[in-house]
Amino acid sequence: MFKVKTDSVAGYKEMKIPYTLLSTNEDTRNLVIMLPGAGYSAQAPLFHYSTGVFLNKSSDVLQVNYSYNDKFYDNFSIDEISDAIKHDVRVVIDQVLNDRSYESFCLIGKSLGTIAMSSELKRSIFKDAKAVWLTPLINREDVFEAMGKAENRGLCFIGDNDQHYNAERYEQIVQNTNIDSTLFPNVNHGLQYENDPVTSIDVLKSVIKEINEL
């Protein structure tokens with residue numbers, strides 16, 4: 001059994017940012033931080049099964065449950081959304097780290113979450129953190145630069161049918177030997193094949209298998 005703590009912090013412009021902390025072992029010093037996409041929550045398959053993987057390894061799992069589809073953000077530009085997610089993720093993480101100390105970290109970000117991940121990995125506390133990049137927004141300079149220069153050991157998963165995929169930039173990221181990168185042919189931004197849910201499960205399985213072995 002594991003414990004579930006749900007709480008929230010005041011985030012960007014005082015918007016409430018909920019989070020969930022799942023823990024199995026009061027003595028663990030390992031924390032996994034999950035940063036979902038805009039329309040891909042921490043309950044969606046990639047995060048659901050990753051949560052199970054890490055709970056089985058007696059790691060605590062922090063799910064940051066921001067929701068930038070809320071009407072509150074309707075008039076935000078993409079730049080302000082970027083500022084908001086970086087701010088919100090930091091205050092949630094700081095709240096959790098204020099209550100408990102950890103020594104080992106893994107950050108898992110998908111899509112929009114990779115913006116915050118790029119920012120957080122600059123912090124000294126995450127110098128040795130592992131990093132999992134799920135459909136990263138590699139057309140953004142901050143994400144591309146963070147991945148290209150990353151000293152964190154990590155994984156990257158993206159499909160060439162993803163609207164955010166960029167072949168030239170991906171080839172540069174592959175040159176970073178700290179990141180093991182997997183490119184799925186004909187797979188979209190959801191890491192799925194269009195109109196083929198059964199074969200999409202094979203992609204999910206291979207991603208979770210690699211995360212389990214990280």
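These exercises treat one helix pair and two loop residues in a predicted model. Local features need pLDDT of at least 70 and side-chain atom pairs count only at pLDDT 80 or more, while totals for chains, interfaces and linings use all residues. Residues are numbered from 1 along each chain as its sequence is written, and side-chain values use heavy atoms, without hydrogens and water.

**Exercise 1.** Describe how helix α1 packs against helix α6.

Solution.
- Locate the helices: α1 covers residues 45-56 and α6 covers residues 197-213. Helices here are DSSP runs (H or I, at least four residues), and strands are runs of E with at least two, numbered from the N terminus.
- Give the geometry: the angle is about 30 degrees and the axes are 10 Å apart. Axes are lines fitted to C-alpha atoms over the stretch in contact, and angles run from 0 to 180 degrees between N-to-C directions.
- List the contact (heavy atoms within 4.5 Å): α1 gives Pro45, Leu46, Tyr49, Ser50, Val53 and Phe54, and α6 gives Leu204, Val207, Ile208, Ile211 and Asn212.

**Exercise 2.** Place glutamate 14 and state whether this residue is buried or exposed.

Solution.
- Glutamate 14 sits in the loop between β1 (3-10) and β2 (16-23).
- Its phi is positive, about 65 degrees, although glutamate 14 is not a glycine.
- Its relative accessible area is 63%, so glutamate 14 is exposed. Buried means under 20%, exposed over 50%, and partly exposed in between (1.4 Å probe, protein chains only).

**Exercise 3.** Do likewise for serine 58.

Solution.
- Serine 58 belongs to the loop between α1 and β4 (60-64).
- Phi of serine 58 is positive, near 65 degrees.
- With 30% relative accessibility, serine 58 counts as partly exposed.
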